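Let's walk through this one together, starting with the overall layout and then heading for the packing and the odd spots in the backbone.

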Amino acid sequence: MVARIIDGKRLGAEIEEELKSRVSRMVSSSRAPHLVVVIVGDDPASHVYVRNKERACKRIGIRSTRYDLPGDSVQDDLVSLIQELNDDQDVDGILVQSPLPSSFDEIGITEMIRPDKDVDGFHPINLGRIVTGKTDGMLPCTPSGIMRMLESTGESLAGKKALVIGRSRIVGMPAALLLAQRGIDATVTIAHSRSKELELLCRDSDVLIAAVGRPGMVPREWVKDGAIVIDVGINRVKSEGGSKLIGDVDEGASEYAKWITPVPGGVGPMTISMLMTNTVRAAESRLC
Ligand code: NDP
């Protein structure tokens with residue numbers, strides 16, 4: 001079997017088209033949605049991510065403002081900026097780019113952002129809503145992107161065995177909760193660094209979500225015939241021409257899977273589309 005590709009770029013472009021028309025309706029009735037991105041320090045990868053988010057805003061018609069805080073800023077500088085942005089009626093979404101310098105309390109900062117402006121979906125109220133079965137609010141972007149990709153396959157997940165490798169607050173754990181929601185109805189297993197017999201768990205899974213950050217850690221032979229594979233991992237490795245990005249799942253897994261996401265061009269673009277979706281949603285609930 002050669003897997004069909006779940007093309008995150010194409011799906012993301014479709015989502016952007018839909019968002020564009022929602023934004024233009026808002027512009028004619030009030031104003032464009034407004035996203036504020038805050039970045040602390042000069043981590044090169046973070047600057048690339050922020051630039052990609054700004055470009056997406058531009059394509060869709062979302063106004064974006066960026067605050068660059070110097071690397072020697074302290075927690076209080078960021079706290080006062082967030083307080084200001086929380087109170088600003090002209091701001092719909094606030095995103096603080098991760099990672100923050102190690103002297104910052106990143107979770108504490110997340111908790112300061114007003115939940116209805118938390119377009120990353122990381123505030124405990126927004127994460128907690130998922131546990132209560134409410135999925136109509138600010139969902140964390142990568143897990144909701146994963147769900148949109150699964151939905152795009154048209155495959156029913158009801159009763160299917162889904163394995164999520166990784167239990168982080170921002171990817172693995174919320175993805176597992178979304179898969180187990182009523183209406184999706186997958187039977188979910190969460191694996192992590194202390195899990196045993198990962199190979200057996202993988203071989204038994206109809207849906208495999210890898211969110212670890214270890215290049216090619218899932219060998220192709222571990223993938224069950226006909227499985228759906230969502231590879232969240234983004235790993236930069238050396239290659240002939242310098243370096244390239246690869247996922248957590250061996251590329252050859254497409255020989256076994258029925259559906260698979262590419263890296264790059266899979267979950268990455270969908271994460272940005274979901275951020276844009278949250279921003280438009282935040283603005284609509286404020287303005288419409
Ligand atoms: P974290 O480092 O926060 O979490 C990694 C998880 O993997 C942890 O739960 C860890 O377990 C688990 N793990 C580590 N080693 C093993 C192992 N040998 N076997 C099984 N589980 C293991 O990472 P994130 O969740 O933030 O990100 C995961 C990957 O996804 C990274 O490559 C990241 O770059 C990528 N990513 C991609 C995004 C996209 O848009 N495509 C967005 C966000 C992340 P334990 O809890 O026990 O430590």
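The domain assignment, which comes from an automatic or database source, splits out domain 1 (32-115) and domain 2 (140-268). Their C-alpha centres sit 28 Å apart. Keep in mind that this is a predicted model, where local features need pLDDT of at least 70, side-chain atom pairs count only at pLDDT 80 or more, and totals for chains, interfaces and linings use all residues. Residues are numbered from 1 along each chain as its sequence is written, and side-chain values use heavy atoms, with hydrogens and water left out.

Now for the packing. A nonpolar core here is a set of buried (under 20% relative accessible area, 1.4 Å probe, protein chains only) Ala, Val, Leu, Ile, Met, Phe, Trp, Tyr and Cys residues joined through side-chain atoms within 4.5 Å. The largest one has 47 residues, and those touching the most other members are Leu 35, Leu 150, Leu 179, Ile 209, Ile 230 and Met 276. Helix H9 (residues 267-287) gives the most to this core, eight residues; helices are DSSP H or I runs of at least four residues, strands E runs of at least two, numbered from the N terminus. Both domain 1 and domain 2 supply at least three residues each to this core.

On to the backbone. Most peptide bonds are trans. Yet the Ser 98 to Pro 99 bond is cis, with omega near 0°, and Pro 99 is in the loop between strand E4 (93-96) and helix H4 (106-112). The Val 263 to Pro 264 bond is cis too, in the loop between strand E11 (259-260) and H9.

Note on methods
Buried < 20%, exposed > 50% of the residue type's maximum accessible area, 1.4 Å probe, protein only.
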